[in-house]
Structures are given as structure tokens and as C-alpha cells.
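Visitor: Hi, could you walk me through this one? I'd like to start with the strands and then wander inward.

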Amino acid sequence: PAALEDAVDAYQWLLDNGYKAEQIVFAGDSAGGGLALATCMYLRDHNMKMPHGIVCMSPWADLTASGETYDSNYEVDPVFGNRRDSLIYGNPYSGEEDATNPYISPVYGTFDNFPSMLIQVGTEEMLLSDSRTVAKNAKKAGVNVRFTEYPGMFHVFQLAAKVMPESMKAWTEVGKFF
């Protein structure tokens with residue numbers, strides 16, 4: 001998918017224009033979180049400099065929708081739950097590619113030599129298992145991972161910014177991570 005190529009090109013542009021890898025943190029929510037992870041996999045696999053860190057908010061990292069919370073949270077997820085016609089089940093992103101390709105679904109990749117990560121997710125999300133799997137596999141690979149589950153929260157609850165205490169807490173955590 002072109003999004004990965006665009007992300008790599010944008011990162012390379014930053015490096016070519018005087019920014020140091022140590023000054024860059026990839027951040028993304030939902031599909032953007034998955035893209036941040038996939039981009040780091042690509043950079044690592046192609047012996048390119050890695051960014052200093054990664055912030056993933058409710059990352060969509062398993063486009064096969066095979067994690068256990070796709071079923072267990074199906075009836076409680078207010079964003080994607082209770083319907084099979086959502087982007088989760090009918091997304092065109094992988095195109096002709098196998099959705100288990102780690103550059104599409106990072107849960108199927110390895111996290112060796114990754115930068116530090118902050119992963120935030122709500123417990124009411126169908127994508128909760130994506131975050132749990134990434135955190136577990138990254139920790140197993142020796143990555144410094146801060147993983148926070150926010151009880152009762154929905155997909156990308158951080159967008160509520162100053163409206164909800166949980167969102168404010170999440171942004172404070174991001175600030176501390178930086």
C-alpha cells in the first residue's frame with residue numbers, strides 16, 4: 001500500500017532536511033498507529049535509521065481482525081461493534097496483498113531493535129487485542145514499552161482531549177513519554 005511508501009518518504013525527507021532521527025517520534029491513532037509500527041518495521045528491515053520513539057493510540061495492527069477482542073468486545077465497542085459492514089471487516093487497504101504481511105498487519109511482524117513505544121488503548125475496543133499483542137511481542141523482543149489500558153474507554157478516546165478526564169490523562173502520559 002502507498003501509505004507505507006509515503007510514510008517512509010516523509011521520514012526520509014525529514015532526515016534529508018537536517019532533522020536527526022533522535023528528534024523524531026512517530027505517532028498515530030487507529031490505522032495511523034498501525035502505519036507507525038509498519039513504517040518502523042520497514043525502516044529496520046532496510047537498515048535505515050529508526051525514529052526515537054513511537055506513540056500508538058488504539059493502533060489498528062491486525063487487518064485480519066483475528067484477535068480475541070474482535071469477538072469479545074463486539075457488542076460493547078461503540079465505534080466498530082455490532083455491525084459487520086464497518087471498515088474493520090471490509091477494508092480495501094491490503095488490496096491484493098496478504099493481510100498477514102507485517103507491513104500491513106504489524107502484529108505478524110517482529111519488533112527486534114525497535115525504539116521505545118507508548119501504546120494506549122481502551123478496554124471497550126474491538127482492537128484491544130491488537131495493542132496487547134504488539135505490547136507483548138515488543139516486550140519479548142526487548143523493546144522498552146509503556147502499555148496502558150484505559151478502563152471503559154472506546155476507540156481513540158484521546159480525541160476527546162479536554163472533555164474527558166481519561167483523555168486528559170492519556171495526553172499527560174504522551175507528554176511524559178516525549
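Visitor: How many bridges join β3 to β4?
Guide: Happy to help, and keep in mind that this is a predicted model. Six bridges link β3 with β4, and the two strands run parallel.

Visitor: Which residue in β4 does Q120 stand opposite?
Guide: Q120 faces T148 in β4.

Visitor: And in what order do the strands of the sheet come?
Guide: The order is β1-β2-β3-β4, four strands making an open sheet with parallel pairing. At the edges are β1 (25–29) and β4 (145–150), each of which pairs on one side only. From one strand to the next, the twist averages 5°.

Visitor: Let's move inside. How many residues are in the largest nonpolar core?
Guide: That core has 27 residues. L37, I54, F111, F114, M117 and V134 have the most contacts inside it.

Visitor: Which element gives the most to this core?
Guide: Helix α2 does, with six residues. At least two residues each come from α1 (2–16), α2 (31–45), β2 (53–57), β3 (116–122) and α4 (128–140).

Visitor: What is L37 in contact with, leaving aside neighbours within four places in sequence?
Guide: Its partners are I54, C56, P59, A61, P106, F111, F114, M117 and V134.

Visitor: I54 came up there. Is I54 buried or exposed?
Guide: I54 is buried, because its relative accessible area is 0% and the cut-off for buried is under 20%. This residue sits in strand β2. Not counting residues up to four places away in sequence, I54 touches a list that includes V25, F26, A36, L37, C40, F114 and M117.

Visitor: How far apart are I54 and G28 in space?
Guide: They are 8.3 Å apart, C-alpha to C-alpha, with a separation of 26 residues in sequence.

Visitor: Back to cores for a second: what lies apart from the 27-residue one?
Guide: Another core, of 10 residues, lies apart from it, and Y74, I104, M126 and L127 are among its members.

Visitor: Changing topic, where does T69 lie?
Guide: T69 is in helix α3, which covers residues 69–72. T69 is also buried, with a relative accessible area of 1%.

Visitor: What does the side chain of T69 reach?
Guide: It reaches the backbone oxygen of M126, at 2.7 Å. Leaving aside neighbours within four places in sequence, T69 is in contact with Y74, E125, M126, L127, L128, S129 and R132.

Visitor: Great, thanks for the tour!
Guide: Any time!

Conventions: Residues numbered from 1 in each chain as written. Predicted model: local features only at pLDDT ≥ 70, side-chain atom pairs only at ≥ 80, totals over all residues. Heavy atoms only, no water. Core = buried A, V, L, I, M, F, W, Y, C linked by side-chain atoms within 4.5 Å. Buried < 20%, exposed > 50% of the residue type's maximum accessible area, 1.4 Å probe, protein only. Contact = heavy atoms within 4.5 Å. Polar contact = N/O pair within 3.5 Å; in protein donor to acceptor, adjacent residues only side chain to side chain. Pairing = 2+ DSSP bridges. Axes fitted to C-alpha atoms, helices over the stretch in contact; angles between N-to-C directions.
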